[in-house]
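Hi,

Here is the structure I said I would pass on to you. Have a look at it first, and then read my notes underneath.

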Amino acid sequence: MDKKRLQMLIEVAIFAAIGLVLDKLSFSMWAQGGSISFVMLPIVLMGIRWGLKAGLTTGLLIGLLQLVSGALILNPLQAAIDYLIAFTIVGVAAVVRKPILNNIENKTKMILYITAGIVLGGFLRFLAHMFAGYIFFRDVTSDENAWWVTISYNGSYMLPATILTAIVACLLFTSAPRLLNRNA
């Protein structure tokens with residue numbers, strides 16, 4: 001195994017652990033789950049620093065760590081969507097890596113690309129939680145209300161979490177662009 005790959009794998013493991021801690025240090029919105037936290041930040045940082053594979057892997061590890069550390073599991077399908085898919089898909093924010101690297105000297109463009117990647121990753125995570133929520137809420141509400149309930153429920157914490165993640169990531173990368181350097 002080459003040195004760069006080993007460095008990436010070590011960083012993925014460390015950032016996944018940090019993600020779990022950040023998720024535990026959160027502002028809980030609802031008793032059934034859903035909280036405003038910075039859990040997406042390590043996923044986005046790894047995706048932007050190393051690329052799509054690292055971002056997706058970090059998200060998957062965070063989801064797995066959450067599953068084994070006291071996740072709210074209603075049924076296997078909900079657990080897979082809420083934890084494995086929802087956190088893995090945040091890693092898609094890495095699609096903005098090349099435009100960010102091409103605009104290191106232009107902070108405005110960097111901020112726009114970072115924000116776009118995080119909004120994409122946050123929206124995809126929201127969609128995953130929304131579908132998992134539908135599985136839960138269709139059993140406790142009428143079918144026609146289940147979509148509205150899950151959209152408002154998951155939107156109430158995903159929108160602020162995405163905005164906060166974007167703000168912190170933009171501050172981190174624009175004030176310390178050396179984070180983009182894999183040799184740092």
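Below is what I found, going from the cores to the helix contacts and then to a few single residues.

One thing before you start: this is a predicted model.

**The cores**

I'd begin with the largest nonpolar core, which has 38 residues. If you want a way in, pick out I48, F87, I100, I114 and F173, the residues with the most contacts inside this core. Four helices each supply at least two of its residues: α2 (40-50), α4 (76-89), α6 (107-140) and α7 (143-175). Which of them gives the most? That is α6, with ten residues.

I48 is a good residue to click on. Not counting residues up to four places away in sequence, I48 touches A94, V96, R97, I100, I114, F173 and L180. I100, I114 and F173 turn up in that list, and they are also among the residues with the most contacts inside the core.

There is another core apart from this one, made of five residues, including M8, V12, M46 and A54. Keep those names in mind, as they come back below. As general background, nonpolar side chains tend to be buried together in soluble globular proteins.

**Helix α3 and its partners**

Next, go to helix α3, residues 52-68. I have contacts for it with α1, α2 and α4.

Take α2 first. α2 and α3 pack at an angle of about 160°, with their axes 6 Å apart. Angles over 145 degrees count as roughly antiparallel, and α2 and α3 are therefore roughly antiparallel to each other. Their crossing is right-handed. On the α2 side the contact is made by P42, I43, M46, G47 and W50, and on the α3 side by L52, A54, G55, T58, G59 and I62. By class, that gives seven nonpolar, four polar and no charged residues.

Then α4. Here the angle with α3 is about 150° and the axes are 6 Å apart, so α3 and α4 are roughly antiparallel to each other as well. α3 passes α4 in a right-handed crossing. From α3 the contact uses L56, G59, L60, I62, G63, L64, Q66 and L67, and from α4 it uses A79, Y83, L84, F87 and T88. These residues divide into nine nonpolar, four polar and no charged.

And how do helix α1 (residues 3-24) and α3 cross? Their axes come within 9 Å and cross at roughly 45°, and α1 and α3 are therefore oblique to each other. This crossing is right-handed too. M8, V12, F15, A16, A17, G19, L20 and D23 in α1 meet A54, T57, T58, L61, I62, L65 and Q66 in α3. By class, the contact of α1 with α3 has ten nonpolar, four polar and one charged residues.

**Two residues of α3**

A54 lies in helix α3. Is A54 buried or exposed? With a relative accessible area of 1%, A54 is buried. Leaving aside neighbours within four places in sequence, A54 is in contact with M8, V12 and M46, and those are the names I asked you to remember from the five-residue core. A54 and G91 are 37 residues apart in sequence, yet their C-alpha atoms are 7.6 Å apart in space.

Q66 also sits in helix α3. At 4% relative accessibility, Q66 counts as buried, since the cut-off for that is under 20%. Beyond its neighbours within four places in sequence, Q66 is in contact with L20, D23, V39, A71, Y83 and F87. L20 and D23 belong to the α1 side of the α1 and α3 contact, while Y83 and F87 belong to the α4 side of the α3 and α4 contact.

**Two residues of α6**

Last stop: α6. F131 is found in this helix and is partly exposed, with a relative accessible area of 43%. F131 and N154 are 23 residues apart in sequence and 10.0 Å apart in space, C-alpha to C-alpha.

R138 is in α6 too. R138 is partly exposed, at a relative accessible area of 37%. Between R138 and T150 there are 9.2 Å in space, C-alpha to C-alpha, and they are twelve residues apart in sequence.

Cheers

Notes
Residues numbered from 1 in each chain as written. Predicted model: local features only at pLDDT ≥ 70, side-chain atom pairs only at ≥ 80, totals over all residues. Heavy atoms only, no water. Core = buried A, V, L, I, M, F, W, Y, C linked by side-chain atoms within 4.5 Å. Buried < 20%, exposed > 50% of the residue type's maximum accessible area, 1.4 Å probe, protein only. Contact = heavy atoms within 4.5 Å. Axes fitted to C-alpha atoms, helices over the stretch in contact; angles between N-to-C directions. Parallel < 35°, antiparallel > 145°, perpendicular 65-115°, else oblique. Left-handed = near helix turned anticlockwise from the far one by under 90°. Nonpolar A, V, L, I, M, F, W, Y, C, P; charged D, E, K, R; others polar.
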